[in-house]
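Here is a quick tour of a protein model, written for someone who would rather be at the bench. Have a look at the structure first, then read on.

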Amino acid sequence: MNRDTIITVAKSVIIILILLAVVFALRAPAADLNLLPNEIKGNYVDSTGLPYFSEMDSYYNLRLTENYVDHGFVGDIKYDNGTQMDMHRYAPDGNVINYELGIVYLTSFLHDMVNQFVGSHDIREVAFWTGAVIASLAVIPAFIFARRLTNDYGAIAATLIIVLAPNYFAHTFPGFFDTDMFYYIFSLFFIFFFVECLRTKNIALKIIYAILSIISIGLFSISWTGYIFYVGLMGIFGVVYLIACYVFDIGDDTDRNKYSNKLLWFIRQKEFLSIILLIVIGAIGITIFRGFDTTVGIFGSLLNLLSLQSAARVVGGFPNVLISVAEMQMPNMLGAGMASPFLANTNGVVNGIGGISVLFAGLIVLYILISRVFKLRKINTSRGDSKSKPSKGKRVSAAQKIDEGNRFKISLGELNLSGKSVDEIAETKRLTVLYTCLFVVWTLITILAVTRGSRFITTIVLPFGLMTGIFIGFVSDYLKNKLDNDNWLTVIVVLCTFLVAVPLAVINFMWGIIAFIVLLAIGLASIYLLKQKKSADSTNIPIKKYIAVALVVLALVTPSVCGAYMTSNNVVPGTSDPMWNAMVWINQNTDNDTVITSWWDFGYLFEIAADRQVTFDGGSQSGDRAYWLGQAMTTSNLDYSAAIFRMLDSSGTKPQQDLYNVTGDYGKTTEILKEILPMDSQNAKKTLVDKYHLTDEQATKVVDGTHPANPRPVIFVASSDMLQKAGWWSYFGDWNFTNQSAQNYNYYVPTDQVVVEPNSVGKLKLLNSSGLLVNAVIQRGEGNNSTTAYTEALSTYNNSEIILNGTPYNPLNISNIMVIENGYLVKNESVGDVKNANYTLFLMGENNTYTPILIHNKLANSMFTQLYLLGGANQDVYTMVHMENGVSLWKINFDKIGGGNSPTNTTNNTNRK
């Protein structure tokens, strides 16, 4: 290896190290919680000063890792056959652990290394930083892959666009401990080595690349469940590439005449044999990593991955709870606002890939690749004289030969093959077909994936990031070697400066202005003030062209860098002291067999903080449990609500299945259960036998599950976040099995409070959406019980009342008002005959400070409203056993079911924080 080659390699290593430092530095501020004021920041860190994790999946991974470090396996129980059970999930039976444990093994290893070489740190602290560290390492495959396709400028830009991709970055900063950290590392290595296996002509290297490719996907398969997507992607690419090679006559045609037809010739070409090699080694590798069953079922797994949300409703059965998961919602193309196209964030697909500039750059490269393929098809590659050695003045160094030979070259100019040998033309044709097929398939498949939910935006970033790198590569070549018009250089400088300034201005307007002025001045000065032949190196390329190239790079990467900066500086942990402390109380004050029940979002946190089993969590949420939890929280019948928890947490959904085996209809099954659950066991059994004609044995089996003799103790968690989530839990609770649809009902909660003195009026915003502003207007008189309120609907355009068909328009009109003054319910009455009034205004006041909450009438007397807002007064089925700020814990008294616990409207003390 000569000196120039060593310098070339060393330069790439240095660039990678710098990029690693940059992307980690952008992630690190997430640990500082810069968004939060210092006076409340302490509520978001644990007793050691470490911030709480940012989302709930992190706590599941942390609990498994702690189990592994503690007793050598991740489950709570391990059977002789190797099966591990997680008894913290899915009451009452728990579930079998079938999870990719790469994150557990890696974090355990890092924990050992840190404690051996750095100092004493517990597993939680190591886990807190693991995502940021590992995700930053995606710089390595991203730069290597991109550098194979373009020059240093393009590779740097592609790497930053990929590793700082908004949807990826938002899941890989400190405090986000989930499997997303592995996503880009293994997928990039897998595709890179797969393509290199096809690209190289050396048989030994083909085998090596094939093995490396399969090792990459094998490690991916034990680290992230979505690995199967890339198996399918490259499988489709392999088929398309073979078809393209056949159509475009890619292969060695020296002995083509020996074969009777084209197909016999083609199946003996290296392209075909490379695909076969990858399939064979791949099957062996997946079998080693995942087992034979996974290998044979790989096509079914791929279909399942892409159809996660295709059944938003299960015909004849329960709703698909995945439609309530934000990542499974169809994403917008762009976020809102004039500047949105130029920003990188998670608000839309275009924003998610790095902004509209990255989109256009990728599409331009895709268009050029496709057009070049069809131009090359017309070129004859039959054997002829080989190209002569270039003159001495045109020869390049060995390092340049390595670089140019390893790079897939394409220019913005016309396709020029004059002076090239047949072998060089054939190789250009082969590589163009290879990368065209790769990027076309990659782009189309990821576009299809994005239609299945916003979680797949991370997949589309990779092809567009790499194509943007290619774009920068040939733009830099074009600027340096072809563009000599200063007017066009000026246009490029102005445009790029604008693209840099916009995302900076979103962070800080002055930053944007300063960046625009400074960069524009530098660019114009280089064009009009410096000597035209002044060069930055020995190539005689003017400095102005280097500055133009640098501005192009900055224009394309600044949105991603700014987006990453904003994300890491706006992190708020997923929980805080009140919720964590409430769980600690459960751990210290309840029996070990107690079940915690609530909506599924905080299930993972409940499991680790309280060390108790839960009804369901973020990985075990099912349509039937979501339905029953929604029923329990929306009903006004507290007996029925408690009876649901008695069944679910002591018997699961077994009684439901037993009854379904008789009725064959889930709608009929749930109607029967709704009828018998609040009854005592004798009446429930009698109803099943007499009214629904079950046999005595069948009825006994069902009632033993719905009315267990010794139900497990249950704590219901009511928290402020559930007000905002009411749209989903009420939707599932309202599910209609006949027409497979539901309505959702909401609480409208302001983000602030308002001070209203006696004899004055105050307003507080409840809704601001699509040009509609709805305020709660609070009026106070002089005497007791003189406080009242109503809602007003205004246009945000002119702040005036909205009139439709001659009458005021207000979609949030109220029919009832409830007023609590200093902890006492002092008013609960109708406001009169108001048309289209579907809401109740709940107004809490303390020391002249008021908080209005607008409640849909369907939820006004719901179990959740009775407990969380009204303090559980005048009933004895639920007993509040502990309260933190915004969190209340309720013990369910199953022995009180059937005691006539209907909602009442008397004045009550509702002492709540």
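## A helix with a kink, and a greasy patch

Let's start with helix α5, residues 123–136: at 1.5 Å a residue, its 14 residues should span 20 Å, and the end C-alpha atoms are indeed 20 Å apart, so the two agree. Keep in mind that this is a predicted model. Even so, α5 has a kink of about 35 degrees, centred on T130. T130 is also one of the buried residues of α5, along with others including I123, F128 and I134. In total, 11 of the 14 residues in α5 are buried, so the helix is mostly covered.

Now for the surface. A nonpolar patch there has about 990 Å² of accessible area together, and its members include V506, W511, Y565 and M566. Two helices, α22 (509–528) and α23 (543–568), each give two or more residues to this patch. The largest share, eight residues, comes from α22.

M510, another patch member, is found in α22. Is M510 buried, exposed or something in between? Its relative accessible area is 47%; since buried means under 20% and exposed over 50%, M510 counts as partly exposed.

Stepping back, here is the whole protein chain in brief.

| Feature of the protein chain | Value |
|---|---|
| Secondary structure | 34 helices and 19 strands |
| Buried share of the 913 residues | 54% |
| Exposed area | about 40,000 Å² |
| Carbon and sulfur share of the exposed area | 56% |

As for contacts, among those between residues at least 6 apart in sequence, 67% join residues at least 24 apart.

Technical notes:
Residues numbered from 1 in each chain as written. Predicted model: local features only at pLDDT ≥ 70, side-chain atom pairs only at ≥ 80, totals over all residues. Heavy atoms only, no water. Helix = DSSP H or I, 4+ residues; strand = E, 2+ residues; numbered from the N terminus. Expected span 1.5 Å × (residues − 1). Bend = angle between axes of the 7 residues up to and from the residue. Buried < 20%, exposed > 50% of the residue type's maximum accessible area, 1.4 Å probe, protein only. Patch = residues over 30% accessible without salt bridge, like charges linked within 9 Å, V, L, I, M, F, W, Y side chains within 5 Å. Areas by Shrake-Rupley, 256 points an atom, 1.4 Å probe, with all protein chains shown as cover. Salt bridge = Lys/Arg side-chain N within 4 Å of Asp/Glu carboxyl O. Contact = heavy atoms within 4.5 Å.
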